[in-house]
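Please work through the following exercises with the sequence and the model at hand. Each task is followed by a solution in steps.

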Amino acid sequence: MKMDRFKRETLIAQMKTNETWDAIIVGGGATGLGIALDCATRGYKTLLLEQVDFAKGTSSRSTKLVHGGVRYLAQGNIDLVREALHERGLMMKNAAHLVSNQSFIIPNYSWWDHFFYTVGLKVYDFLSGNLSFGKSTRIGKKETMARLPTIETAHLRGGVVYQDGQFDDSRLAVNIAQTAIEQGATLLNHFEVKQLLKNDAGIVNGVVAVDQETNETYQLKSKVVINATGVFTDEVLQMDKPSAKDQIKPSQGIHLVLDKSFLAGNDAIMIPKTDDGRVLFLVPWHNRVVVGTTDTVLDSHSLEPRALEAEINFILTTANRYLNKDVSRDDVLSMYAGLRPLAAPKDDSEKTKEISRSHKIIVSDSELITITGGKWTTYRKMAEDTVNRAIKMNKLPQKECRTKDLLIHGSSKPIAESNHLYVYGSDIMGIEALQQEHPELKERLHERVPFTKAEVVWAVRHEMARTIDDVLARRVRVLFLDAGAAIAMAPEVAALIAKELGRDKQWEAEQVKDFLKIADHFVCK
Ligand SMILES: Cc1cc2nc3c(=O)[nH]c(=O)nc-3n(C[C@H](O)[C@H](O)[C@H](O)COP(=O)(O)OP(=O)(O)OC[C@H]3O[C@@H](n4cnc5c(N)ncnc54)[C@H](O)[C@@H]3O)c2cc1C
């Protein structure tokens with residue numbers, strides 16, 4: 001395995017030697033990474049720049065579902081569901097180490113619900129075609145209680161079981177970034193795009209970007225520039241045209257992470273209709289339970305959104321209505337908020353949850369291409385559509401998309417989840433070799449979580465991690481699983497990173513300080 005290709009020095013050297021890129025992609029979330037991979041596999045010279053870290057934004061803060069969206073089916077959005085179910089199947093084939101088949105139970109408390117969801121989910125099964133994850137079935141009250149030992153049993157009639165996908169979002173993002181690099185692309189995190197470059201005719205032909213580690217500024221030329229910045233879309237559109245009207249309205253969704261005892265079996269729960277008309281999921285994830293989500297329209301966005309009191313209370317109240325084990329704020333191990341980049345409503349009467357969740361490609365007069373919306377599940381198709389649009393505009397030469405059957409870095413046969421290293425897939429051997437060579441790296445970082453020092457070293461050497469946040473939020477996920485444990489291990493992690501990157505004690509201290517500020521958003525006080 002040629003691991004030097006993931007070194008920042010190697011990637012920066014590549015960036016400096018190339019005079020004109022075919023495509024520069026701004027933003028390293030699921031959308032931008034998918035586009036970088038699509039471009040690289042079609043043979044285009046590709047550069048992606050991410051201001052903080054891959055999946056720092058919404059792409060690490062999802063419900064962790066690879067799904068067609070039962071909710072969209074209920075809204076009659078058949079095409080969106082069919083497309084997402086097809087992509088779900090491809091994701092499972094191409095990243096089997098990170099995407100698993102998860103059973104969901106919809107508990108039914110009325111005869112009508114029992115009937116309605118049984119029929120509805122047959123349609124869901126049908127739409128998945130030959131990439132089905134398994135048939136939905138009806139189960140009686142007894143079986144529902146046996147499979148969901150913590151479910152509220154008063155008035156329970158039974159349940160409907162269906163199959164969907166589940167994944168580790170930011171680890172997939174990192175693996176897609178690695179795959180794109182292996183396919184010849186140059187991807188840099190901690191590199192912020194500050195400005196767009198234009199030719200005399202006003203056509204965008206590059207970007208000005210700043211290396212966040214050195215403050216060095218670069219002017220980078222490209223045939224096409226693609227804006228894939230999620231809730232930051234308007235900032236880039238306004239770099240193009242300062243008077244551009246906002247296209248995006250952020251809508252926040254939060255999740256609470258609980259101990260596994262709140263959902264002791266292997267099944268997830270889906271509550272199809274909460275008080276605010278949304279869906280609530282309780283999903284097993286890395287030996288914890290993720291509960292969410294909400295839909296709160298905000299007036300502003302940030303890289304570190306904070307869960308609102310009303311959102312925390314709503315999730316706790318709704319969970320308590322469906323569980324017979326009391327859940328309170330003290331039980332929350334971590335919480336996180338993510339922002340949906342929804343199309344700004346045209347007037348006050350439009351609600352965000354009624355706005356289409358399918359993706360949208362906008363082409364500016366300057367030929368800047370912007371892609372917004374969509375879902376993690378459809379990242380590959382969104383990329384294909386975006387690159388096809390660039391070809392149609394004669395910005396890139398015609399070449400066929402090659403990502404449908406492309407294996408993602410780490411892809412391997414699924415490994416038993418009892419080994420927490422299973423998420424590394426074929427890279428497991430590399431981590432185990434590191435542990436053998438340096439037995440001290442086998443040491444755990446905290447008694448409540450299984451992660452070892454070797455994973456920190458691996459993340460820095462081979463997964464482009466540069467900060468404590470990069471490691472603990474998006475490479476080993478401790479911040480999402482147990483914020484208290486993440487805070488406790490931060491100084492030790494800083495020392496391990498500093499040793500790898502040749503940093504001093506002052507850097508370590510600043511890192512810990514920065515990380516504590518971030519981690520504060522994950523603690524439910
Ligand atoms: C609460 C919630 C739950 C969800 N659950 C699911 C789910 O279970 N399944 C599913 O399929 N989908 C889910 N989604 C949708 C999915 O997470 C998003 O569609 C997807 O992550 C969006 O990715 P993105 O790349 O467009 O945006 P982001 O992930 O936000 O990426 C944009 C990136 O651009 C970078 N950036 C911004 N400005 C600049 C700049 N000037 N220079 C360089 N970089 C810049 C940002 O730092 C950021 O990393 C969920 C969404 C939310 C909000």
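The exercises below go from the whole chain to the ligand, then to one helix and to single residues.

This is a predicted model, in which local features need pLDDT of at least 70, side-chain atom pairs count only at pLDDT 80 or more, and totals for chains, interfaces and linings use all residues. Residues are numbered from 1 along each chain as its sequence is written, and side-chain values use heavy atoms, with hydrogens and water left out.

**Exercise 1. The chain as a whole**

Determine whether the radius of gyration of the chain agrees with that of a compact globule, and describe the fold in overall terms.

Step 1. The radius of gyration is taken over C-alpha atoms, and the globule rule is 2.2 Å times the number of residues to the power 0.38. For 525 residues the expectation is near 24 Å; the chain has 23 Å and therefore agrees with a compact globule.

Step 2. The C-alpha trace spans about 70 × 55 × 40 Å along its principal axes.

Step 3. The secondary structure consists of 16 helices and 20 strands. These are DSSP runs, numbered from the N terminus: helices are H or I with at least four residues, strands E with at least two.

Step 4. Buried residues (under 20% relative accessible area, with a 1.4 Å probe and protein chains only) make up 60% of the 525. The exposed surface of the chain is about 21300 Å², 51% of it supplied by carbon and sulfur atoms. Such areas come from the Shrake-Rupley method with a 1.4 Å probe; for residues, only the protein chains shown count as cover.

Step 5. Among contacts (heavy atoms within 4.5 Å) with a separation of 6 or more, 71% join residues 24 or more positions apart.

**Exercise 2. The ligand and its shell**

Which residues come nearest to the ligand, and which polar atoms of the protein face it?

Step 1. There are 36 residues around the ligand, and T31, E50, S59, L65 and T377 come nearest. A residue belongs here if one of its heavy atoms lies within 4 Å of the ligand.

Step 2. Polar contacts are pairs of N or O atoms within 3.5 Å; within protein, one must be able to donate a hydrogen and the other to accept it, and residues adjacent in sequence count only if both atoms are side-chain atoms. A polar backbone atom of A30 is 3.2 Å from a ligand oxygen, and one of T63 is 3.0 Å from a ligand nitrogen. The side chain of T377 places an N or O atom 2.6 Å from an oxygen of the ligand.

Step 3. On its own the ligand has 1000 Å² of accessible area, of which the protein covers 95%. Two or more shell residues come from each of α2 (30-41), β8 (191-198), β11 (248-259) and β16 (334-343).

Step 4. The shell divides into 11 nonpolar, 19 polar and 6 charged residues. Ala, Val, Leu, Ile, Met, Phe, Trp, Tyr, Cys and Pro count as nonpolar, Asp, Glu, Lys and Arg as charged, and the others, Gly among them, as polar.

**Exercise 3. Helix α13**

How many residues of helix α13 are buried, and against which elements do they pack?

Step 1. Helix α13 covers residues 468-475, and 8 of its 8 residues are buried. Charged side chains belong to this set, including D469, D470, R474 and R475.

Step 2. The buried residues pack against α7, α12 (453-462), α14 (478-481), α15 (483-501) and α16 (505-519).

Step 3. Just after α13, R477 has a positive phi of about 65 degrees.

**Exercise 4. Two polar residues**

Are Q178 and T294 buried or exposed, and what do their side chains contact?

Step 1. Q178 is in helix α7 (residues 169-182). With a relative accessible area of 0%, Q178 is buried.

Step 2. The side chain of Q178 makes a polar contact of 2.8 Å with that of N175. Beyond four places in sequence, Q178 is in contact with F6, H409, H462, E463 and M464.

Step 3. T294 is in the loop between β14 (288-292) and β15 (296-297). T294 counts as buried because its relative accessible area is 4%.

Step 4. From T294, the side chain reaches the backbone nitrogen of I254 at 2.9 Å and makes a polar contact with the side chain of E311, also at 2.9 Å. Residues touched by T294 more than four places away include R278, F314 and R340.

Terms used: Buried means under 20% relative accessible area, exposed over 50%, partly exposed in between (1.4 Å probe, protein chains only).
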